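Grab a viewer and work through these exercises with the model open. Try each task yourself before reading the solution under it.

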Amino acid sequence: MCDVAIFGAGPYGLSLAAHLSTVPGLEVRIFGEPMSFWQTQMPRGMYLRSNWPATHIAAPASAGDSLGLAAFGREDGQPVPYPAPLEQFVRYGLWYQRRAVPNVERRTVRRLDAVNGSFRLTLDGGETVAARRVIVAAGIGGFARRPPQFDGLPPELASHTAEHSDLARFAGQSVLVVGSGQSALESAALLHESGAQVEVIGRANHINWLQGFLSYTLHHRLGTVVKKVLYAPTDVGPAGLSQLLARPALFNLLPRSTRDKLWKRAVRPAGARWLVARLQSVPIRLGRHVIAAREQGGKVHVRLDDFSERVVDHVLLGTGYRVDIARYGFWAPALLERIERVNGYPTLGPGLETSVPGLHIVGAPAVRSFGPIMQFVSGTRYAGPAVLRFMQRRQARAQVRVAAATV
Ligand SMILES: Cc1cc2nc3c(=O)[nH]c(=O)nc-3n(C[C@H](O)[C@H](O)[C@H](O)COP(=O)(O)OP(=O)(O)OC[C@H]3O[C@@H](n4cnc5c(N)ncnc54)[C@H](O)[C@@H]3O)c2cc1C
């Protein structure tokens, strides 16, 4: 029986494990392939959109800056620039893991059961592990949103951006990219640069360029102090709102309708400013959507809502992700049923604990309770310390109870 089992070794799992490793005597086991989502489900050549301070994987206070991007850049021999290239961020994550969480077990958790107030994890290969507490840090890799119009098409003809780590394989082909958020736009730029003929179709009427001309100019004219007052280093949300969203515990106290409004405002689909020049010669049709798609002689025949048609070699869906924790394949049905959920999101309390005592969920599924920073690396600043504090309080209460019983 270990004290805590974490599964998922992306930024959240690693940060949590690093924080919990500071508790003397606590036995923590962590399962998963380190940084695998970033290595296998994002395209080579991509840049991170989050700014530099928001790209640090949070480390316990006792580590100081020793696990930050600057320390990594020094050891890597190459300072991490802004925007950070995906490849360098992956190296950073793996470096963080080797230094702070060397005990990661590269195993997948196949099933999670609740058994008499604790948990049983079944790993690939059938081995079981008992844990008093479980932290699910399994990310969004399994939540890719594929619109139903493409259901009848095989993956060779229509795939989600999450299915690719190398878009150069489409060189010389015609590709229709569906979506107008960062992932769709960046994929379109990478496809174009790899020699594919690309067109983008987006449902929205316009693209929100992050820091469009006006706000970019304003941002760069603000003095450092004003900028610090208006924008939190977590880099989520517009001026002012950014400060509120950087405080997930406060967000959690707001009325539901206010939280929903702020959430919607903070994470609307948007493209990074540095993609504008790279997309100059890529046709982008906005305010349009695909109403039907079918195979036609080894290609895809697509019909849009204006009844125009396309025949392309491939459709790439940059249609984002939709959190629904029921889609994690590891739940024992009886355990899943006990987790209070709304629209696929778990309802989380202090320490990001679910309605099942001892079961915590961090990362994007925590957004509905603690706000949009939880779907970004910068949310690790909150998650690690919050779970750590929660567990320390529980431990202290248990000690008081034991002492009282002894007296
Ligand atoms: C194209 C794209 C660009 C992005 N750019 C940014 C950015 O610039 N900045 C930013 O902050 N965020 C960005 N994000 C969001 C990013 O996904 C999150 O910030 C980050 O991945 C959250 O970390 P995580 O640990 O929750 O999830 P992940 O990094 O997905 O890690 C979860 C891990 O759990 C593993 N896992 C799942 N199930 C199991 C299991 N049963 N057993 C063991 N392991 C399991 C997965 O394999 C995965 O490795 C981007 C996302 C996408 C899709």
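**Exercise 1.** Find which residues of helix 1 meet helix 4, then work out how the two helices are oriented.

*Solution.* Keep in mind that you're looking at a predicted model.

- Step 1: on the helix 1 side, pick out P11, L14 and A18; their counterparts in helix 4 are G93, Y96, Q97 and A100.
- Step 2: sort that contact by class, and you get five nonpolar, two polar and no charged residues.
- Step 3: now the axes. Helix 1 (residues 11-20) and helix 4 (residues 86-100) come within 10 Å of each other and cross at roughly 25°.
- Step 4: angles under 35 degrees count as roughly parallel, so helix 1 and helix 4 are roughly parallel to each other.
- Step 5: for the handedness, helix 1 passes helix 4 in a left-handed crossing.

**Exercise 2.** Do the job again for helix 1 and helix 13: at what angle do they pack, and which hand does the crossing have?

*Solution.*

- Step 1: the axes of helix 1 and helix 13 (residues 380-406) are 9 Å apart, at an angle of about 40°.
- Step 2: that angle makes the pair oblique, because roughly parallel needs an angle under 35 degrees and roughly perpendicular starts at 65.
- Step 3: the crossing of helix 1 and helix 13 is right-handed.
- Step 4: helix 1 brings P11, Y12, S15, L16, A18, H19 and L20 to the contact, while helix 13 brings T380, A383, G384, P385, V387 and L388.
- Step 5: by class, this contact of helix 1 with helix 13 holds nine nonpolar, four polar and no charged residues.

**Exercise 3.** How many residues of helix 1 are buried, and what covers them?

*Solution.*

- Step 1: go along helix 1 and count: ten of its ten residues are buried. Among them are G13 and A17.
- Step 2: look for the cover. It includes helix 4 and helix 13, along with strand 1 (2-7), strand 2 (28-31) and strand 5 (128-136).

**Exercise 4.** Is P60 buried or partly exposed, and which residues does it touch beyond its sequence neighbours?

*Solution.*

- Step 1: place P60 in the loop between helix 2 (36-40) and helix 3 (69-76).
- Step 2: count C-beta neighbours inside 10 Å. P60 has 18, and buried takes 20 or more, so P60 counts as partly exposed.
- Step 3: skip the neighbours within four places in sequence, and P60 is in contact with A18, H19 and T22.
- Step 4: check one distant partner too. L388 is 328 residues away along the chain, yet its C-alpha atom is separated from that of P60 by 9.8 Å.

**Exercise 5.** Which strands stand at the edges of the sheet with the order 6-13-7-8-9, and which at the edges of the sheet with the order 10-11-12?

*Solution.*

- Step 1: the order 6-13-7-8-9 belongs to an open sheet of five strands with parallel pairing.
- Step 2: its edges are strand 6 (158-160) and strand 9 (284-286); each has a single partner strand, so one side of each has no neighbour in the sheet.
- Step 3: inside this sheet, five bridges join strand 7 (residues 174-178) to strand 8 (residues 197-202), and V175 stands opposite V198 in strand 8.
- Step 4: the order 10-11-12 is an open sheet of three strands, paired antiparallel.
- Step 5: here strand 10 (290-296) and strand 12 (309-312) are at the edges, again with a single partner strand each.
- Step 6: strand 10 pairs with strand 11 (residues 299-304) over six bridges, and V290 stands opposite L304 in strand 11.

Terms used:
Residues numbered from 1 in each chain as written. Predicted model: local features only at pLDDT ≥ 70, side-chain atom pairs only at ≥ 80, totals over all residues. Axes fitted to C-alpha atoms, helices over the stretch in contact; angles between N-to-C directions. Helix = DSSP H or I, 4+ residues; strand = E, 2+ residues; numbered from the N terminus. Parallel < 35°, antiparallel > 145°, perpendicular 65-115°, else oblique. Left-handed = near helix turned anticlockwise from the far one by under 90°. Contact = placed C-beta atoms within 7 Å. Nonpolar A, V, L, I, M, F, W, Y, C, P; charged D, E, K, R; others polar. Buried ≥ 20, exposed ≤ 12 C-beta atoms within 10 Å, placed from the backbone. Pairing = 2+ DSSP bridges.
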